[in-house]
2 protein chains.
Amino acid sequence: MTEPSSRRQRLLSAGNRLFSKWGYDKTSVDEIAAEAGVSKGGVYLEFADKDALFKAVVHDAFATYADDWLRRFTADPGDWSFARMFQHSLAAMNATPLVKALLTRDTRIYGTFLRREPELLAMTQSARSDFFGQMQAAGAMRRDIPAPVLAQLMTLIGYGFVAGMETLPTGSSVPLEESLRGLALLLDRGLADPERSNPVAARALIEGMTIQVRDALRSAPPP
Amino acid sequence: MTEPSSRRQRLLSAGNRLFSKWGYDKTSVDEIAAEAGVSKGGVYLEFADKDALFKAVVHDAFATYADDWLRRFTADPGDWSFARMFQHSLAAMNATPLVKALLTRDTRIYGTFLRREPELLAMTQSARSDFFGQMQAAGAMRRDIPAPVLAQLMTLIGYGFVAGMETLPTGSSVPLEESLRGLALLLDRGLADPERSNPVAARALIEGMTIQVRDALRSAPPP
DNA sequence: AATTGACCAAAAATACGAAAATGGTCAATC
DNA sequence: GATTGACCATTTTCGTATTTTTGGTCAATT
């Protein structure tokens, strides 16, 4: 038997389903209420307005993404390397429609919302260059590429994998998971510092950064 | 003094300029004729219809791209490696609006055209997996990643660099050329076969492939 | 006290005829 | 013979009146 979820939970779930499918503009409050088995008035008992509901749904999706990311990462028996962290980050993003849509700036999903609330995009700036600087300083990443360039590289590559998969020719036969494994192999060797290697420090940095992002995405949304 | 270019040349040039800026649907034959200093009837003396003109312009853009690619590649004093070939390929693509727009499926530019002529997309399938198979066989590329996966990797990374640059946050301060140099460093080491290295065979393969693509794009468009 | 759904003003979708623009042709012109 | 631009049928755009849908409220109901 299923746990009777709270009204808020049901609204978030229904909202996530419908917003993911039809987007912000083409999903009405009526439909969400019906899908959640709540009257329209009930929606406004829980959320101030449609915007607040949408923000809460997006925030929820990011928390789901962060959890999924960490779950995939810890379940992977391989090394605790940056390349693997990145690999699972992309896999989790791809599996969370609203996160993917935000990264790819899918206006069909975010509709008029991104124009009114462009600060939402800050949530996608995950590849911060100070992290790469620390990795370099710890001897966990090559130092002949400046940290800001590394950050940009990873951002663009990540964008390519998430956005490209659904834009490029359909018959690309290679499933995303396999591409991501290949990418991890490529990055593992391409980003390593060939002289000094410090897997312990690397692991500490990666672990810290991962947890930090997870907690940041889990925290309460801004007022 | 400037060479008086032929009517066909002026039409291709004007078409390239206007199609790049306004797209297929929003550029009229009248405007192209005016921009080229030709009467409307003159357009139809040169091309069967608007579609034929557009196809010729796109074909011309691809030839320009191929030339630019090879020019950048040969002007680069660095190694004649796959990573550098790829780097300059992306730089040239990015510098050729109609090529970039086709790769990114920019419907603002290609408008209704891509629906009627989807085979145009075949021109963007440059990363063919048999090439990677040959590179692997020649000892010029690591063999622990299957060739089709390598092809997919490079396709997605390329997409990320070309499409991501204009979609992602504007203040990304790192210019594309520098990102591409970093990418080449990353790929050079990430794709290399650590055991056997065969720069001579690699160079032959890359040279052959480059010329082949260049000639293919230069050839006459299909009837 | 918690929840509902009829209700309202505002916004968005639709319908549709008028007007402008467009792709393409060809008799007149150079 | 090469080139032009007025011309035509069709499509697209525009303006607008009408209808539908939507976000949000609140008296009535449970």
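Let's start with how the two protein chains relate: rotate chain B by 180°, with 0.0 Å of shift along the axis, and it superposes on chain A with an RMSD of 0.1 Å. The two copies are thus related as by a two-fold rotation axis. The fit is by least squares on the C-alpha atoms of residues with pLDDT of at least 70 in both copies. The contact residues tell a matching story, since 100% of those of chain B recur in chain A, and the same surface serves both copies. Contact here means that the C-beta atoms of two residues, placed from the backbone, lie within 7 Å.

A quick word on bookkeeping. This is a predicted model, in which local features need pLDDT of at least 70 and side-chain atom pairs count only at pLDDT 80 or more, while totals for chains, interfaces and linings use all residues. Residues are numbered from 1 along each chain as its sequence is written, and chains are lettered from A and ligands numbered from 1 in the order in which they are written.

Now take chain A by itself. It has 12 helices and 0 strands, where helices (H or I, at least four residues) and strands (E, at least two) are DSSP runs numbered from the N terminus. Its C-alpha trace spans about 65 × 40 × 40 Å along the principal axes. Of its 223 residues, 38% count as buried; buried means 20 or more other C-beta atoms within 10 Å of the residue's own, exposed means 12 or fewer, and partly exposed is in between, with C-beta atoms placed from the backbone. If you count contacts in chain A with a separation of 6 or more, residues 24 or more positions apart account for 67% of them.

For a single-residue view, hop over to chain B and find Ala61(B) in helix H4, residues 50–75. Ala61(B) is buried, with 23 other C-beta atoms within 10 Å. Leaving out residues up to four places away in sequence, Ala61(B) touches Asn16(B), Thr96(B), Leu98(B) and Val99(B). Val213(B) is 152 residues away from Ala61(B) in sequence, yet the C-alpha to C-alpha distance is 14 Å.

Next, the place where the chains meet. Here 34 residues of chain B are in contact with 34 residues of chain A. On the chain B side, H10 and helix H11 (176–191) each supply at least two residues, and H10(B) gives the largest share, 14 residues. By class, that side has 19 nonpolar, 11 polar and 4 charged residues. The classes go like this: Ala, Val, Leu, Ile, Met, Phe, Trp, Tyr, Cys and Pro are nonpolar, Asp, Glu, Lys and Arg are charged, and the others, Gly among them, are polar.

Zoom in on one helix pair across this boundary. Helix H11 (residues 176–191) of chain A packs against helix H10 (residues 147–167) of chain B at an angle of about 80°, with the axes 9 Å apart. The axes are lines fitted to C-alpha atoms, for helices over the stretch in contact, and angles run from 0 to 180 degrees between N-to-C directions. H11(A) and H10(B) are therefore roughly perpendicular to each other, a label for angles of 65 to 115 degrees; under 35 counts as roughly parallel, over 145 as roughly antiparallel and the rest as oblique. H11(A) brings Glu178(A), Ser179(A), Gly182(A), Leu183(A) and Leu186(A), and H10(B) brings Val149(B), Leu150(B), Gln152(B), Leu153(B) and Leu156(B). These residues divide into 6 nonpolar, 3 polar and 1 charged. Swap the chains and you get H10(A) with H11(B), whose axes come within 9 Å and cross at roughly 80°.

That leaves the DNA. A residue is near a strand if its C-beta atom, placed from the backbone, lies within 6 Å of it. DNA strand C is surrounded by 14 residues, and the closest are Ser39(A), Gly41(A), Gly42(A), Ser28(B) and Asp49(B). The elements giving two or more residues to that surface are H3 of chain A together with helix H2 (29–36) and H3 of chain B, and H3(A) has the largest share, 4 residues.

Around DNA strand D there are also 14 residues, the closest being Ser28(A), Asp49(A), Ser39(B), Gly41(B) and Gly42(B). For strand D, the largest share, 4 residues, comes from H3(B). The surface near strand D divides into 4 nonpolar, 5 polar and 5 charged residues.
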